[in-house]
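Student: I am new to this structure and would like a close look at a single part of it, the sheet and what surrounds it. Could you take me through that part step by step?

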Amino acid sequence: MSSASGERPIGVAVVGAGYWGPNLVRNFQSSAAFRLRWLCDLDISRARRVLGEYSTVAATADLTEVLADPDVDAIAIATPAGTHLKVALEALRAGKHVLVEKPLAATFAEGAQLVEEADRRGLTLMCDHTYCYTPAVLRIRDLVRSGELGELHYLDSVRINLGLVQRDIDVIWDLAPHDLSIIDHVLPEGVRPVAVAAHGADGVGAGRACVAYLTLQLNTGAIAHIHVNWLSPIKVRTTIIGGSKRTLVWDDLNPTTRLAMYDRGVDVSAPEELGADERRDIMVSYRSGDMIAPALVEREALRTMVEEFGTAIRTGSPALTDGRSGLRVLAILEAASKSLAAGGEMVTLEVVK
Ligand SMILES: NC(=O)c1ccc[n+]([C@@H]2O[C@H](COP(=O)([O-])OP(=O)(O)OC[C@H]3O[C@@H](n4cnc5c(N)ncnc54)[C@H](O)[C@@H]3O)[C@@H](O)[C@H]2O)c1
């Protein structure tokens, strides 16, 4: 709710003024639901530079100063993943609601600690899986969950380009959180991944996988596949979601037809009176219907994400991408690393309650 409704805006502080933090700063500043009070970075000159000369927002390098401010209700953390546990725990223990950039934490155990602490204190814990708030993904979620596609058969997600080879994480931890959080977000109630197998290669000798393939088994028998790659000379951002009735194709690099829903596919009928061999020939028929391109609103995903954080704080209900969704993504990432180390064997996923 905004100040227009008579309620005081939620006081918020952003921690981390590096590459991503300024995007949070800009969106909190333009939201009526929030008042940005502090920008905190160990490098205070960076925080000052982001705020500019005439800002009324305070810059500091000292988190305790921020946490002691009673006008701060919430903390948004945009520091490197290895610091998320420490900063988020301190904030929760000071009674603040917390938004953490993806990934929620560096390990599943750390993420679980954050979820537990927030639960115990009745505070909002949200993970910024930004893609989940894009108009395309919100529409995909509606289409999948309303049954437009029918029963889900497969998901196929490709996220490849000439990427920055990271020093501390492999391509799975760098890029797959996006695909995993999207899959987590759009799957219908009761449908979830139960196991993952990961294969990867380090062709350039970077010391970590630069190309990787994840195969997720879903509890319904459906399959999801993710291809992430830092070494591809062309950029591809395509997800296909195939259902028994229709198939959705999301091409994020095609601004005119970002989403396309095809009424084309394979129908299988099984006449009871036929024998097994005859059945195999007759059963399969191809459907060739229309393609429609659902219209999408133009809206910055971070703006919607910030609003969702405000609503979760005001209502006390879990955000669309709450701590648990961050934890489910961590469960898959960790299992994928285990599988990669074991030559690609299927690894059962930790269940997040
Ligand atoms: N949602 C997205 O699409 C998206 C995109 C990029 C990055 N991110 C996430 O944002 C986070 C930050 O990434 P980045 O690329 O901006 O990193 P960065 O290295 O550019 O910036 C991090 C900043 O945090 C500061 N910092 C580190 N530890 C701190 C501490 N304890 N207290 C205060 N300040 C501290 C550093 O001085 C630095 O300025 C990561 O979790 C990353 O995964 C998310």
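Tutor: In this predicted model, helix 7, made of residues 171-186, lies across strand 7, strand 8 (193-201), strand 9 (211-218), strand 10, strand 11 and strand 12, and helix 7 runs at about 150 degrees to strand 10. Those strands belong to an open sheet of nine strands, whose order is 14-13-12-11-7-10-9-8-15 and whose pairing is mixed. At its edges are strand 14 and strand 15 (347-348), each of which pairs on one side only. Helix 6, residues 135-145, also packs on the sheet, where helix 6 touches strand 7, strand 11 (231-243), strand 12 (247-251) and strand 13, and its direction makes about 175 degrees with that of strand 12.

Within the sheet, strand 7 (residues 152-162) and strand 10 (residues 223-229) run parallel and are joined by seven bridges. As one example of a bridge partner, R159 is matched with V228 in strand 10. In general, the strands of a sheet pair through backbone hydrogen bonds, in either a parallel or an antiparallel way.

Turning to the surface, V266, V268, V284 and Y286 make a nonpolar patch of about 410 Å². The elements that give two or more residues to this patch are strand 13 (259-268) and strand 14 (284-292), and strand 14 is also one of the edge strands of the sheet. Among the residues of the patch, V266 lies in strand 13; V266 counts as partly exposed because its relative accessible area is 44%, a value between the limits of 20% and 50%.

How values were computed: Residues are numbered from 1 along each chain as its sequence is written. This is a predicted model: local features need pLDDT of at least 70, side-chain atom pairs count only at pLDDT 80 or more; totals for chains, interfaces and linings use all residues. Side-chain values use heavy atoms; hydrogens and water are left out. Patches are made of residues with over 30% relative accessible area and no salt bridge: like charges are joined within 9 Å, nonpolar side chains (Val, Leu, Ile, Met, Phe, Trp, Tyr) within 5 Å. Accessible areas come from the Shrake-Rupley method with a 1.4 Å probe; for residues, only the protein chains shown count as cover. A salt bridge is a side-chain nitrogen of Lys or Arg within 4 Å of a carboxyl oxygen of Asp or Glu. Helices (H or I, at least four residues) and strands (E, at least two) are DSSP runs, numbered from the N terminus. Buried means under 20% relative accessible area, exposed over 50%, partly exposed in between (1.4 Å probe, protein chains only). Two strands pair if DSSP finds at least two bridges between them. Contact means heavy atoms within 4.5 Å. Axes are lines fitted to C-alpha atoms, for helices over the stretch in contact, and angles run from 0 to 180 degrees between N-to-C directions.
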